[in-house]
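Visitor: Hi, I'm new to this one. Can you walk me through it?
Guide: Sure. Have a look first, then ask away.

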2 protein chains.
Amino acid sequence: MRETLSDIGEFGLIHRIDNLIKLEGLYVEGTVLGIGDDSAVIQPKEGFELLITCDSVVEGRHFLTEFMNFYDVGRRAMTVNISDIGAMGGSPLYALVSLGLKSDMKVRDVEDMYRGFLAELNPFHAAVIGGNVTQVESSTFIDITLVGEIKAGYALRRSTACKGDAILVTGFPGEAAGGLELLLHNTRENIPLDHHLIQAYISPNHRALEGHAVASSGYATAMIDTSDGLLADLAHICLDSGVGAELNRKDLPISDALKDSGTQNKKDPYELCTRDSDDYELVITCAPENVEKIKDTIKKISDVSVSTIGTVTNEAGIFHWILPDGSRQRFTPKGWDHFSKQGGNIDESTSR
Amino acid sequence: MRETLSDIGEFGLIHRIDNLIKLEGLYVEGTVLGIGDDSAVIQPKEGFELLITCDSVVEGRHFLTEFMNFYDVGRRAMTVNISDIGAMGGSPLYALVSLGLKSDMKVRDVEDMYRGFLAELNPFHAAVIGGNVTQVESSTFIDITLVGEIKAGYALRRSTACKGDAILVTGFPGEAAGGLELLLHNTRENIPLDHHLIQAYISPNHRALEGHAVASSGYATAMIDTSDGLLADLAHICLDSGVGAELNRKDLPISDALKDSGTQNKKDPYELCTRDSDDYELVITCAPENVEKIKDTIKKISDVSVSTIGTVTNEAGIFHWILPDGSRQRFTPKGWDHFSKQGGNIDESTSR
């Protein structure tokens with residue numbers, strides 16, 4: 001039988017993780033002291049600001065071990081955080097990983113999880129410099145704090161969109177939601193794990209390189225990632241910027257895979273595209289004359305598509321669809337809400 | 001009935017927390033952007049390094065809601081992290097708080113928890129600048145990442161103790177362990193919650209001001225906090241520094257309260273003083289000629305006692321007691337081990 005955490009103990013586990021990081025991770029310039037002391041020590045670069053974000057995933061809620069191995073669980077947990085750094089325009093540098101693990105978990109699975117973290121960090125030349133391990137009785141949790149850097153003054157906020165700005169979105173939001181539907185509504189034997197949508201759920205992308213390029217270009221006015229869903233995150237931009245939005249229904253980027261899955265899923269692809277979904281695309285606003293410049297900026301480094309889906313209006317907190325027949329339909333964006341019984345209406349509660 | 005988290009939803013909760021922090025927390029210089037975007041943005045000070053640590057506490061494992069209110073739970077979770085920054089010699093600046101909460105938790109209890117965080121942060125002029133909230137089904141968890149600063153080059157590590165150094169310890173380690181024993185081995189009605197030892201458990205101190213003063217003085221060679229227990233943390237210093245230690249049993253700081261509780265607890269106060277305990281004292285090593293200078297440094301800012309308890313030897317990983325009769329007795333330090341069934345022998349597993 002394979003070794004479990006209770007076989008090797010906390011310090012044994014830390015030793016194993018430390019070795020794995022030394023062998024398979026990278027050294028990041030500016031790391032004065034990494035794992036192994038009361039705190040990590042870093043020397044920030046002059047002329048740069050630091051970005052700090054944290055996000056946690058909980059077993060059963062954010063990941064399903066029946067469909068995902070721990071390598072994918074690790075990649076995904078790190079991707080969520082990289083996406084947050086990228087949505088400000090920054091580059092990831094240092095991660096701290098805090099784990100709540102069950103004592104019967106296999107050491108091999110923890111190591112695979114770390115390989116997942118490193119698979120996402122290494123391309124950025126970013127590293128795990130600290131963390132914590134504690135025991136939990138039921139659901140495993142992974143809480144990651146990620147530190148990134150950005151040239152001082154270049155961070156793109158959600159509160160700075162302007163009336164008349166174009167609204168852009170990268171990629172095809174909703175593919176992960178479509179994949180999750182396929183996972184949940186098929187029998188275990190029936191699930192094609194290599195299905196494009198299921199892969200979008202299991203191994204989501206972040207757009208951190210694209211976000212960094214957009215922020216560096218200086219052409220965007222606001223940016224956010226779609227971690228709460230396309231409409232909910234656009235609503236964050238609008239509410240924080242004191243503006244509204246008008247969206248062209250026909251311009252929503254619905255991928256062929258999502259369209260095709262519609263029949264199978266019995267879900268409207270337009271709904272999947274706009275609601276909460278585990279893909280991490282970017283919503284970007286910019287002056288209309290800069291739309292092509294932003295598209296070109298992204299094209300230079302990536303083949304991800306960029307769609308213009310609407311316009312920022314000066315009606316604070318008011319949202320309209322422009323339907324294919326040209327008529328306007330008012331709507332209220334709903335976001336993923338962890339606690340609300342009704343799914344939560346963010347319209348009233350995020351006016352901060 | 002009081003409002004629960006499911007009544008107000010995630011965004012409602014974030015809104016409430018945000019308001020509380022604005023009203024009762026402080027603004028920290030260098031905060032370019034606090035709570036409310038994909039990442040926080042900070043501008044580090046020139047000439048300083050940043051310290052980053054994270055530590056989590058889990059309900060039932062690290063805190064007992066039957067004995068503690070959520071204000072104390074919050075204070076304690078922040079204290080653990082402040083202690084880690086202080087043990088490097090730094091000053092806390094920015095906290096990110098990641099919470100795993102049950103949907104039936106009272107909003108008021110979450111607010112009290114935040115008041116606990118702020119009670120510990122405000123004296124340092126430090127602030128909560130970000131975080132995350134997620135729902136859990138069973139045990140509540142609090143995971144805090146704390147960022148501190150220290151003048152470049154002044155961080156005190158655990159790996160730099162030298163042969164011949166004196167070993168100092170602040171305060172009276174083990175008082176919290178004594179308090180926990182009292183809590184666990186008394187009937188509910190019988191527990192004197194205002195007992196000194198029980199208060200040491202419920203509201204532990206950190207020695208961050210003392211640690212900062214010691215590091216700034218330049219007189220210490222190594223420092224660590226006693227989060228794993230006096231002997232386990234001394235062992236961390238010895239193993240990472242490639243040295244051993246000789247401790248004078250009679251010089252161990254056993255408080256009168258701990259001595260008095262011995263009979264009641266049926267626990268050897270010497271054992272309580274040296275094993276894992278939830279007090280956060282400092283173990284400091286320094287050249288013998290600097291012992292008084294370090295004591296004076298601490299005396300200037302604090303009334304916490306400092307005891308000289310032994311000497312660093314060049315026998316790597318070898319530990320001896322000097323008993324009151326002058327004889328030497330070899331021992332192997334044991335540390336708190338979250339996973340090991342036997343309680344874990346750190347002697348073999350932390351040689352990193």
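Visitor: How many residues does each chain put into the contact between chain A and chain B?
Guide: Chain B gives 73 residues and chain A gives 72. Bear in mind that this is a predicted model.

Visitor: And what classes of residue are on the chain B side?
Guide: The side of chain B that touches chain A has 28 polar, 27 nonpolar and 18 charged residues.

Visitor: Which strands pair between the two chains?
Guide: Strand S3 of chain A, residues 48-58, pairs with strand S2 of chain B, residues 40-42. The pairing is antiparallel, over 3 bridges. In one of those strands, S2(B), Ala40(B) is the bridge partner of Ile52(A).

Visitor: OK, now just chain A. How is it divided?
Guide: There is domain 1, covering 5-151, and domain 2, covering 166-349. Their centres, taken over C-alpha atoms, are separated by 27 Å.

Visitor: How many residues does each domain bring to the contact?
Guide: Domain 1 of chain A brings 18 residues, and domain 2 of chain A brings 18 residues.

Visitor: Which elements of domain 1 give two or more residues there?
Guide: Helix H2 (70-88) and strand S4 (91-101) of chain A. H2(A) gives the most, with 11 residues.

Visitor: What's the mix on that side?
Guide: The residues on the side of domain 1 that touches domain 2 divide into 8 nonpolar, 6 polar and 4 charged.

Visitor: Switching topic: what order do the strands take in the open sheet of chain A?
Guide: The order is S8-S10-S7-S11-S9-S12-S13, so to speak from one edge to the other, with 7 strands and mixed pairing.Visitor: Which are the edge strands?
Guide: Strand S8 (220-225) and S13 of chain A. Each pairs on one side only. From one strand to the next, the twist averages 25°.

Visitor: Which helices pack on that sheet?
Guide: Helix H6 of chain A is one of them, touching strand S7 (166-170), S8 and strand S10 (282-286) of chain A. The direction of H6(A) makes about 160° with that of S8(A). Helix H7 of chain A, residues 230-241, also packs on the sheet. H7(A) touches S7, S8, strand S9 (244-248) and S10 of chain A, and its direction makes about 135° with that of S8(A).

Visitor: Back to S13(A). How many bridges join it to S12(A)?
Guide: There are 4 bridges, between S12(A) at residues 319-322 and S13(A) at residues 328-331. The two strands run antiparallel. Phe319(A) has Phe331(A) as its bridge partner, and Ile322(A) stands opposite Arg328(A).

Visitor: What do S12(A) and S13(A) form?
Guide: A hairpin, with 5 residues between the strands. Gly326(A) sits in the turn and has a positive phi of about 90°.

Visitor: One more. At what angle do H6(A) and H10(A) cross?
Guide: Roughly 135°, with the axes coming within 9 Å. H6(A) is residues 208-217 and H10(A) is residues 291-299. That angle makes H6(A) oblique to H10(A). The crossing is right-handed.

Visitor: Which residues meet there?
Guide: From H6(A), Glu210(A), Ala213(A), Val214(A) and Ser217(A). They meet Lys293(A), Ile294(A), Thr297(A) and Ile298(A) in H10(A). By class, the contact of H6(A) with H10(A) has 4 nonpolar, 2 polar and 2 charged residues.

How values were computed: Residues numbered from 1 in each chain as written. Chains lettered and ligands numbered in written order. Predicted model: local features only at pLDDT ≥ 70, side-chain atom pairs only at ≥ 80, totals over all residues. Domains from an automatic or database assignment. Contact = placed C-beta atoms within 7 Å. Nonpolar A, V, L, I, M, F, W, Y, C, P; charged D, E, K, R; others polar. Pairing = 2+ DSSP bridges. Axes fitted to C-alpha atoms, helices over the stretch in contact; angles between N-to-C directions. Parallel < 35°, antiparallel > 145°, perpendicular 65-115°, else oblique. Left-handed = near helix turned anticlockwise from the far one by under 90°.
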